[in-house]
Amino acid sequence: MARGLSPRLPAKSGRQDRVRGRGRAASASPKKDGLRLPGKGKAKPKAVKAVSAKPAKLKGYDPLAPERIKGILRRLDQLYPTATCALHHRTAWELLVATILSAQTTDANVNRVTPGLFEKYPRVEDFAALTPEQLEPDVRPTGFFRNKSKSVVGAAKKIVSDFGGQVPDDMDKILTLPGVARKTANVVLGTWFGKAEGVVVDTHVQRIARRWELTKNENPQKIEQDLMKIIPRERWILFSHQVIHHGRNLCVARKPRCVDCPIEPLCHAQDKTWTTVEVHKGAKG
Ligand code: SF4
């Protein structure tokens, strides 16, 4: 296993105080729900002492126990209280287009492309009048531009012909649009219409749900079904945004920043980079 990827136990010496030169004992021994947010507050040297060198074994551990889920949600709320979609948009149509374009690229990249795109084609009817080939140069910087052009133009044509120019706010109907699967549908329904029809499962949610042992599945649709069973429905929209933020900020794919993560005491991921609890085989993204 590559250096830096294997979970590390806190040293008795407290040397991890100086992780990456930040000069603090990040999450060495977080009190129950007494969270310290990354980059905020000073660590107490005492906290390092409180951590044993050998993580305690958990008896009767249930990753889906309601108390554990509540603990994760509480920590997410403290970390990302106002998390929302990072794709810039002014209408449901703009959000739909931005979400289609966001596949396999960053939201920041999409946000660089969409202002010019919507200035050039302000209405859904303008997109519906195009051929995919005409749109390709405008969306090329987002990658996979041929498929994306086909999806955007196809969706525009169907919205104009079948839905009176309005993005449908219904799961079954929105799924009839070309290029729209459950992830895109959930983003638009949740973020724009405020309808909790499902949980957005993008690459971050997929990885983190597995690290947190909330699912054993790899298929996004099955992961969504698993999450819908254990996350309260009123939390579905916010939960997705929070986990996506967590995946960008701390729980990144390679070398997650576990030493800075307030969720660390509840996380048994095999691919943690630092730990105060035992890690579980198979709990990885
Ligand atoms: S893998 Fe690390 S960064 Fe991700 S949730 Fe677990 S402790 Fe936090």
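This is a short tour of the structure in your viewer, going from the whole chain to the ligand, then the largest pocket, and ending at one residue.

**The whole chain**

Keep in mind that you are looking at a predicted model. Start by selecting the protein chain and colouring it by secondary structure. You should find 12 helices and 0 strands. Follow the chain from the N terminus, and you step from one α element to the next: α-α-α-α-α-α-α-α-α-α-α-α.

Now colour by burial. The protein chain has 285 residues, and 49% of them are buried. If you turn on contacts, look at those between residues at least 6 apart in sequence: 60% of these join residues at least 24 apart.

**The ligand**

Next, select the ligand. Where does the ligand sit? You'll find it in the largest cavity. Show the residues around it as sticks: R211, W212, H246, L250, C251, P256, C258, C261, E264, C267 and K272. Colour that shell by class and you get 7 nonpolar residues, 1 polar and 3 charged.

**The largest pocket**

Leave the ligand for now and move to the largest pocket, which holds about 500 Å³ of space. Its lining is made up of 24 residues, and the ones closest to the centre of the pocket are S102, D107, K183, D202 and R248. Select those five to put yourself in the middle of things.

Which helices each supply at least two residues of the lining? Try selecting these four ranges one by one:

- α4, residues 107–120
- α9, residues 182–192
- α10, residues 203–211
- α12, residues 236–249

Pause on α12, as this helix gives the most to the lining of the pocket, with 4 residues. Then colour the whole lining by class: 9 residues are nonpolar, 11 are polar and 4 are charged.

**A stop at V110**

For the last stop, go back to α4, one of the helices that line the largest pocket, and select V110, which lies in that helix. Is V110 buried or exposed? Its relative accessibility is 0%, so V110 counts as buried.

Who are its contacts? Leaving out residues up to four places away in sequence, V110 touches L87, A98, L101, S102 and T105. You have met S102 already, among the residues closest to the centre of the largest pocket.

Finally, draw a distance from the C-alpha of V110 to the C-alpha of I100. The two residues are 10 apart in sequence, and the line should read 9.6 Å.

Notes: Residues are numbered from 1 along each chain as its sequence is written. This is a predicted model: local features need pLDDT of at least 70, side-chain atom pairs count only at pLDDT 80 or more; totals for chains, interfaces and linings use all residues. Side-chain values use heavy atoms; hydrogens and water are left out. A residue is near a molecule or strand if one of its heavy atoms lies within 4 Å of it. On a 1 Å grid over the protein atoms alone, a cavity is a set of points where a 1.4 Å probe fits but cannot get out, and a pocket is an open set with protein on both sides within 12 Å along at least five of seven lines; lining residues have an atom within 4 Å of a point. A molecule sits in a cavity or pocket if more than half of its atoms lie within 2 Å of its grid points. Ala, Val, Leu, Ile, Met, Phe, Trp, Tyr, Cys and Pro count as nonpolar, Asp, Glu, Lys and Arg as charged, and the others, Gly among them, as polar. Grid points are joined across faces, edges and corners, and a volume is the space filled by probe spheres set on the points. Buried means under 20% relative accessible area, exposed over 50%, partly exposed in between (1.4 Å probe, protein chains only). Contact means heavy atoms within 4.5 Å.
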